[in-house]
Amino acid sequence: MLSVPMRTFPSLFVGQRSVLTADEAPVNSEGSHYVCGACRNDLIRADRAFLRDVVVKCRCGEFNQL
Ligand SMILES: [Zn+2]
């Protein structure tokens, strides 16, 4: 399975996007598998369209986006 690392960025730049935590992220078995850009732990399984409008906060505290 291909795991795609996401890009981390400062929380200052969250802006208009919705923030999800890794624990509350919906599971979409059709999508790609994304991992945290900092610690490489599992973050979310989703398609790209969904990730355009959200940032995912990892359990390590980093904010990730595509
Ligand atoms: Zn992390």
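This section describes the overall fold, the two sheets and the zinc site of a predicted model.

The protein chain comprises one helix and seven strands. Read from the N terminus, these elements follow the order β-β-β-β-β-α-β-β, which places the helix between β5 and β6. A compact globule of 66 residues would be expected to have a radius of gyration near 11 Å, and the protein chain has 11 Å, so the two values agree. Along the principal axes, the C-alpha trace spans about 30 × 25 × 20 Å. Of the 66 residues, 33% count as buried, a class that requires under 20% relative accessible area. The contacts within the protein chain were also considered by their distance along the sequence. Among contacts with a separation of 6 or more, 56% are between residues that lie 24 or more positions apart.

The strands were then examined sheet by sheet. One open sheet contains four strands in the order β2-β7-β6-β3, and the pairing within this sheet is mixed. Its edges are formed by β2, residues 7-9, and β3, residues 18-21, each of which pairs on one side only. From one strand to the next, the twist in this sheet averages 40°. The strands β2 and β7 run antiparallel and are joined by three bridges, with β7 covering residues 63-65. Within this pairing, Arg7 has Gln65 of β7 as its bridge partner.

A further open sheet consists of three strands, arranged as β1-β4-β5, again with mixed pairing. Here the edge strands are β1, residues 3-5, and β5, and each of these pairs on one side only. The twist averages 35° between one strand and the next. Four bridges connect β4 and β5, which pair in the antiparallel sense. Two of the residue pairs illustrate this arrangement: His33 is matched with Arg45 in β5, and Tyr34 has Ile44 in β5 as its bridge partner. Together β4 and β5 form a hairpin, with six residues between the two strands. In the turn of this hairpin, Arg40 has a positive phi of about 65°.

The model also contains a zinc ion, whose surroundings were analysed separately. Four cysteine residues supply the protein donors through their SG atoms, namely Cys36, Cys39, Cys58 and Cys60, and these donors lie 2.3 Å from the zinc ion. The angles among the four donor atoms range from 105 to 115°, and the site is tetrahedral. This assignment follows because four donors count as tetrahedral if all angles lie between 85 and 135 degrees. In sequence, the donor residues are spaced C-x2-C-x18-C-x1-C. Cys36 is located in the loop between β4, residues 32-35, and β5, residues 42-46, whereas Cys58 is located in the loop between β6, residues 54-57, and β7; the pair therefore ties together parts that are 22 residues apart in sequence. Both Cys36 and Cys58 are buried.

The zinc site can also be placed relative to the sheets. The loop that holds Cys36 joins β4 to β5, two strands of the sheet ordered β1-β4-β5. The loop that holds Cys58 lies between β6 and β7, which are strands of the sheet ordered β2-β7-β6-β3.

Key: Residues are numbered from 1 along each chain as its sequence is written. This is a predicted model: local features need pLDDT of at least 70, side-chain atom pairs count only at pLDDT 80 or more; totals for chains, interfaces and linings use all residues. Side-chain values use heavy atoms; hydrogens and water are left out. Two strands pair if DSSP finds at least two bridges between them. Axes are lines fitted to C-alpha atoms, for helices over the stretch in contact, and angles run from 0 to 180 degrees between N-to-C directions. Donors are N, O and S atoms within 2.8 Å of the metal (3.2 Å for Na, K and Ca); water is not among the atoms, so sites may look incomplete. Four donors count as tetrahedral if all angles lie between 85 and 135 degrees; four count as square planar and six as octahedral if opposite donors are over 155 degrees apart and all others between 65 and 115; anything else is irregular. Buried means under 20% relative accessible area, exposed over 50%, partly exposed in between (1.4 Å probe, protein chains only). The radius of gyration is taken over C-alpha atoms; the globule rule is 2.2 Å times the number of residues to the power 0.38. Contact means heavy atoms within 4.5 Å.
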